[in-house]
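Biologist: I have a chain open here and would like to talk it through with you. Can we take it piece by piece?

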Amino acid sequence: MELSPPSNSLFFLHALTLTTLLLTILLPPAAAVEPTTTDDFVEKSCASATRYPDLCVATLSPHASAIQTSPKLLATAALSVALAAARSASKSLQSETAAYRRMVGSTVTMSPGEAAAWRDCRSLVRDSVDQLRRSVKEMGGDEKTAMMTRFQLSNVQTWASAAMTDLDTCTDGLSGEGVDGEVKRRLMESGVVDVGHMISNALAFVNQYGDGIN
């Protein structure tokens, strides 16, 4: 019995849907701002501040009108995008785990190294979802556009950094001894690598926003 590979396009569709729902709640209604102005703000911010500008533009441009030209809303949107993607990746890993369990006794087996990498990634991605959820909530607060305190910013930086460490640990584990072939491919296709890159981008915007807090 052969499992069909996860679809990257389906992963991004799910992530985009979840992100849209999150941003509808977290971001204020967009003001009447020229689209070119808001699009330029997102593109220039991605190009100047992030390590993965292409992914940044692809995931944040659809929300440019809600972000407007606000550094805080940009950071909030980037965290929300990362959260939605992490939730999608976690769900994908859970589904894949169930599929492998149904195939017990078949020709598809995991080596001890593969089983450990799979188990660790599943746990780490799930933990990153919790860390990002906290970060998004702290960024939103009672006043979505009000300036944050240094204490609040420190919380967001701590949680987002922890989430990025989780994803880095997961992807590092894919290079470990005994991890190869089908299991490694499926872990990669779950979206964990892109999630890590999105968190990196979001953290860059959080830090940039923090530079403006007295």
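Biologist: Where does Ala-84 sit?

Modeller: Bear in mind throughout that this is a predicted model. Ala-84 has its place in helix 5, which covers residues 71–102.

Biologist: And is Ala-84 buried or exposed?

Modeller: Ala-84 is buried, because its relative accessible area is 0%, and buried here means under 20%.

Biologist: Which separation do you get between the C-alpha atoms of Ala-84 and Val-195?

Modeller: Those two C-alpha atoms are separated by 9.1 Å, although Ala-84 and Val-195 are 111 residues apart along the chain.

Biologist: Zooming out, what share of the contacts in the protein chain comes from residues 24 or more positions apart?

Modeller: Counting the contacts with a separation of 6 or more, residues 24 or more positions apart account for 84% of them.

Biologist: How many helices and strands does the protein chain have?

Modeller: The secondary structure comes to nine helices and zero strands, so that reading along the sequence gives the pattern α-α-α-α-α-α-α-α-α.Biologist: Let's look at a pair, then. What is the angle between helix 6 and helix 7, and how far apart are their axes?

Modeller: Helix 6, residues 112–140, packs against helix 7, residues 150–173, at an angle of about 165°, and their axes lie 8 Å apart. That angle makes helix 6 roughly antiparallel to helix 7, because angles over 145 degrees count as roughly antiparallel. The crossing of the two helices is left-handed.

Biologist: Which residues meet where helix 6 contacts helix 7?

Modeller: On the helix 6 side they include Cys-121, Leu-124, Val-125, Asp-127 and Arg-134, while on the helix 7 side Val-156, Trp-159, Ala-163, Asp-166 and Leu-167 are among them. The residues of this contact divide into 13 nonpolar, seven polar and four charged.

Biologist: Changing topic, what stands out about phi of Gln-68?

Modeller: Phi of Gln-68 is near 60°, which is a positive value in a residue other than glycine. Gln-68 is found in the loop between helix 4, residues 64–67, and helix 5.

Biologist: Does a loop residue like that count as buried or exposed, taking Gln-68 at its relative accessibility?

Modeller: Gln-68 counts as buried, because its relative accessibility is 18% and the limit for buried is under 20%.

Biologist: What percentage of the protein chain counts as buried, and what area does the chain expose?

Modeller: Of the 214 residues, 46% count as buried. The protein chain exposes about 10,700 Å², and carbon and sulfur atoms supply 54% of that area.

Notes: Residues are numbered from 1 along each chain as its sequence is written. This is a predicted model: local features need pLDDT of at least 70, side-chain atom pairs count only at pLDDT 80 or more; totals for chains, interfaces and linings use all residues. Side-chain values use heavy atoms; hydrogens and water are left out. Axes are lines fitted to C-alpha atoms, for helices over the stretch in contact, and angles run from 0 to 180 degrees between N-to-C directions. Helices (H or I, at least four residues) and strands (E, at least two) are DSSP runs, numbered from the N terminus. Angles under 35 degrees count as roughly parallel, over 145 as roughly antiparallel, 65 to 115 as roughly perpendicular and the rest as oblique. A crossing is left-handed if the near helix is turned anticlockwise from the far one by less than a right angle, and right-handed if clockwise. Contact means heavy atoms within 4.5 Å. Ala, Val, Leu, Ile, Met, Phe, Trp, Tyr, Cys and Pro count as nonpolar, Asp, Glu, Lys and Arg as charged, and the others, Gly among them, as polar. Buried means under 20% relative accessible area, exposed over 50%, partly exposed in between (1.4 Å probe, protein chains only). Accessible areas come from the Shrake-Rupley method with a 1.4 Å probe; for residues, only the protein chains shown count as cover.
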